[in-house]
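Here is a short tour for anyone meeting this protein for the first time. Keep the structure open as you read, and look up the residues as they come along.

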Amino acid sequence: MTSGICTIGLAIFSTLALFGSKAIMGQRLPPPQVQNAQVPCFFIFGDSLVDNGNNNGMLTLARANYRPYGIDFPLGATGRFTNGQTYVDALVLRTCVCVYVIARLLGFRNFIPPFARARAPREVLRGVNFASGAAGIREETGNNLGNHASMNQQLNNFGSVVQVMLRYFRGDTSLLNSYLGRCIFFSGMGSNDYLNNYFMSNFYTTGSDYTPEAFASLLLQDYANQLAKLHAMGARKVIVTSVGQIGCIPYQLARYTNNNNTKNSRCNEKINDAVSMFNSGLKRLVQRFNAGGTELPGAKFVYLDFYKSTSDLYLNSSQYGFEVIDKGCCGVGRNNGQITCLPSQQPCQDRRKYLFWDAFHPTELANVLLAQSSFSNQTFTYPVNIQQLAMA
């Protein structure tokens, strides 16, 4: 996977039929933004792993609109919690950070705008990013860090965008649903429900109120209802991500001492085992949603195994060129993992050698690798890869 990573030749497929010749009330619909775009629009829900600026105006500690965040991003510190592109940025428009060759994956020319700055109505037609740092499936998740938009609030924000789009489609719900049915929806939730809820006993009681099995079941029940609501508002092609191997991030390594040498691991396997329960249930949920019938008619869900793919980067780090896997490129304290990047802090010089940017988040190169593998490789996706989902 690493050989030729910066010279891969991804074939750009033919443009989908995107209502180019159909008119509504004498008004033609807009052409796709890019001639070779795989899909007409891309909507994103999630947390700080994919937030691109929605928290900038909030009273919260979960903000990244200052240097050195964005030090390698062409627009600077936009609010992305990494040095460059996030995972979804790399899906939209992948810039190879080692030789600066641009390769389009989904084929969009520009990045998807954050909900906080999206201009209606034409801009929202190609998609909106609703993700918010510290957000979780549960409403109280992340409150320890301040304001944010939970998954429920992100769905409400999408509902307001749907109403804007409906006005553009002159109230034709059928035509709007047909348009949205060709779009891809991405939902990456669950990490904060563990990091900033279940395993934060000094702020939440969920760790003592529920066993890991019961908490995973509770999350999945809430998440199933949220995804069903997303489907009811027009989503059909939906990517859902598992929770990554968060027991191995610098934040946990800075706090965890494996006195019992559990599984010969430096990671906190108690956390990894807990999120694995959620991940297994999420995959079964995808199987259920894809089964057809009356529950979510027309649904095409893809399970993106972030646990498996991030574990691959961690265990095979040298093959990908990573030399430092146990601490962040910037941060404070042990492993640079006890506090995230401080304003104007000097980060490491060669970001390409680091798997983690700060206490929680991957570097741009790690995000690019994850996007590349999940787009065209079925090793980390179920039942199809993202490229196949786009063409479905």
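## A left-handed disulfide

Let's start with one bond: the torsion about the S-S bond of Cys 329 and Cys 348 comes out at about -105°, so this disulfide is left-handed. Cys 329 sits in the loop between strand S9 (324-328) and S10, and Cys 348 is in the loop between S9 and S10 as well, so the pair ties together parts that are 19 residues apart in sequence. The two sulfur atoms are 2.0 Å apart. Keep in mind that this is a predicted model.

Are these two cysteines buried or exposed? Buried means under 20% relative accessible area. Cys 329 has 5% relative accessibility, so it counts as buried, and Cys 348 makes the cut too because its value is 11%.

## The other disulfides

How many disulfides does the structure hold? There are 4. One of them joins Cys 330 and Cys 341, with sulfur atoms 1.8 Å apart. This link is right-handed, with 50° about the S-S bond. Cys 330 and Cys 341 both lie in the loop between S9 and S10, 11 residues apart. Both are buried.

Another disulfide is formed by Cys 41 and Cys 183, whose sulfur atoms are 1.8 Å apart. It links distant parts of the chain, 142 residues apart: Cys 41 is in the loop between strand S2 (27-28) and strand S3 (42-46), and Cys 183 in the loop between helix H3 (173-180) and strand S6 (184-188). The torsion about the S-S bond of Cys 41 and Cys 183 is about 45°, so the disulfide is right-handed. Cys 41 and Cys 183 are buried as well.

## The whole protein

Now step back a bit. The protein has 11 helices and 11 strands, and 58% of its 392 residues count as buried. Take the contacts between residues at least 6 apart in sequence: 70% of them join residues at least 24 apart.

On the outside, the protein exposes about 15800 Å², and 50% of that comes from carbon and sulfur atoms.

## The largest pocket

The largest pocket holds about 840 Å³ of space. It is lined by 45 residues, and the closest to its centre are Ser 48, Thr 340, Ala 359, Phe 360 and His 361. By class, the lining has 28 nonpolar, 15 polar and 2 charged residues.

Which elements supply at least two residues each to this lining? They are helix H4 (191-198), helix H9 (306-315), strand S10 (354-356) and helix H10 (364-376). H9 gives the most, with 5 residues.

## Closed spaces inside

The structure also holds 3 cavities of 30 Å³ or more. The largest cavity has a volume of about 100 Å³, and 14 residues line it. Nearest its centre are Asp 47, Leu 49, Gly 188, Thr 241 and Phe 306. Its lining divides into 7 nonpolar, 6 polar and 1 charged.

The second largest cavity has about 40 Å³ of space. Around it you'll find Ser 48, Leu 49, Phe 81, Thr 82, Thr 86, His 361, Pro 362 and Asn 367. By class, that makes 3 nonpolar, 5 polar and no charged residues. Some names come back here: Ser 48 and His 361 were among the residues closest to the centre of the largest pocket, while Leu 49 was one of those nearest the centre of the largest cavity.

Methods:
Residues are numbered from 1 along each chain as its sequence is written. This is a predicted model: local features need pLDDT of at least 70, side-chain atom pairs count only at pLDDT 80 or more; totals for chains, interfaces and linings use all residues. Side-chain values use heavy atoms; hydrogens and water are left out. On a 1 Å grid over the protein atoms alone, a cavity is a set of points where a 1.4 Å probe fits but cannot get out, and a pocket is an open set with protein on both sides within 12 Å along at least five of seven lines; lining residues have an atom within 4 Å of a point. Grid points are joined across faces, edges and corners, and a volume is the space filled by probe spheres set on the points. Helices (H or I, at least four residues) and strands (E, at least two) are DSSP runs, numbered from the N terminus. Ala, Val, Leu, Ile, Met, Phe, Trp, Tyr, Cys and Pro count as nonpolar, Asp, Glu, Lys and Arg as charged, and the others, Gly among them, as polar. Buried means under 20% relative accessible area, exposed over 50%, partly exposed in between (1.4 Å probe, protein chains only). Contact means heavy atoms within 4.5 Å. Accessible areas come from the Shrake-Rupley method with a 1.4 Å probe; for residues, only the protein chains shown count as cover. A disulfide is a pair of cysteine sulfur atoms within 2.5 Å.
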